[in-house]
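Grab a pencil and work through these exercises with the viewer open. Try each task on your own before you read its solution.

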Amino acid sequence: MKIITETEKLKLGFENEFSFLIAKDTNEILFQDEFYGNPNCGIIDTENNWVLIGGIHLTLWKQKKTEKYLSEDFKWIHSLR
């Protein structure tokens with residue numbers, strides 16, 4: 001798995017067109033998402049409450065809800081800040 005970004009508690013990575021959000025203390029997969037092509041970027045909130053993952057679409061993960069956004073306006077996202 002290639003790492004996109006990580007904090008002291010969470011690790012965001014990808015392998016073969018799937019992204020994975022992993023809790024570092026338990027190695028539990030908290031979330032996974034499929035992309036056409038690999039995800040290009042991601043960001044984890046400093047409080048570990050949310051994660052954004054970008055590629056052909058944008059996915060917002062929160063502990064109780066996940067939302068996926070697909071729009072021609074921001075297709076193939078390559079960076080987040």
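## Exercise 1: Trace the sheet

Phe18 sits opposite Glu34, a residue of strand 4. Keep that pair in view, and remember that you're looking at a predicted model.

**Task.** Find the order of the strands in the open sheet of four strands, and work out which strands stand at the edges.

**Solution.**

Step 1. Start at strand 1 (residues 2-6), which pairs with strand 2 (residues 10-15) in the antiparallel sense over four bridges. Click on Lys2 and you'll find its bridge partner in strand 2, Phe14. Three residues lie between the two strands of this hairpin.

Step 2. Move on from strand 2 to strand 3 (residues 18-23): these run antiparallel and are joined by six bridges. Here Glu15 stands opposite Phe18 of strand 3. The hairpin of strand 2 and strand 3 has two residues between the strands, and Asn16 takes a positive phi near 50 degrees in it.

Step 3. Go one strand further. Strand 3 and strand 4 are also an antiparallel pair, with five bridges. This is where the opening pair belongs, with Phe18 facing Glu34 in strand 4.

Step 4. Put it together: the order is 1-2-3-4, with antiparallel pairing. Strand 1 and strand 4 (29-34) are the edges; each has a single partner strand, so one side of each has no neighbour in the sheet. On average, neighbouring strands of this sheet are turned by 20 degrees against each other, direction ignored.

## Exercise 2: Look into the core

**Task.** Which residues make up the largest nonpolar core, and which elements give two or more residues to this core?

**Solution.**

Step 1. Recall a general tendency: in soluble globular proteins, nonpolar side chains tend to be buried together.

Step 2. Now highlight the 10 residues of the largest nonpolar core: Leu10, Leu12, Leu21, Phe31, Phe35, Ile44, Val51, Ile53, Ile56 and Trp61. Strand 2 and strand 6 (50-54) are the elements that give two or more residues to this core.

Step 3. Pick one core member, Phe35, and check its surroundings. Leaving aside residues up to four places away in sequence, Phe35 touches Glu17, Ser19, Ile53, Gly54, Gly55, Ile56, His57 and Thr59.

## Exercise 3: Meet Thr59

**Task.** Is Thr59 buried or exposed, and which side chains does the side chain of Thr59 make polar contacts with?

**Solution.**

Step 1. Locate Thr59 in strand 7 (residues 58-62).

Step 2. Compare accessibility with the cut-off: buried means under 20%. Thr59 has 1% relative accessibility, so Thr59 counts as buried.

Step 3. Look for polar partners. The side chain of Thr59 makes a polar contact with the side chain of Asp33 at 2.5 Å, and another with the side chain of His57 at 3.2 Å.

Step 4. Add the other contacts. Beyond four places in sequence, Thr59 touches residues including Phe31, Phe35, Val51, Ile53 and Thr66.

## Exercise 4: Two unusual phi angles

**Task.** Where do Asn48 and Trp76 lie, and is each one buried, partly exposed or exposed?

**Solution.**

Step 1. Most residues other than glycine have a negative phi. Asn48, though not a glycine, has a positive phi of about 65 degrees, and phi of Trp76 is positive too, near 65 degrees.

Step 2. Asn48 lies in the loop between strand 5 (41-44) and strand 6, while Trp76 is in the segment after strand 8 (65-69).

Step 3. At 7% relative accessibility, Asn48 counts as buried. Trp76, with a relative accessible area of 40%, is partly exposed.

Note on methods:
Residues numbered from 1 in each chain as written. Predicted model: local features only at pLDDT ≥ 70, side-chain atom pairs only at ≥ 80, totals over all residues. Heavy atoms only, no water. Pairing = 2+ DSSP bridges. Core = buried A, V, L, I, M, F, W, Y, C linked by side-chain atoms within 4.5 Å. Buried < 20%, exposed > 50% of the residue type's maximum accessible area, 1.4 Å probe, protein only. Contact = heavy atoms within 4.5 Å. Polar contact = N/O pair within 3.5 Å; in protein donor to acceptor, adjacent residues only side chain to side chain. Axes fitted to C-alpha atoms, helices over the stretch in contact; angles between N-to-C directions.
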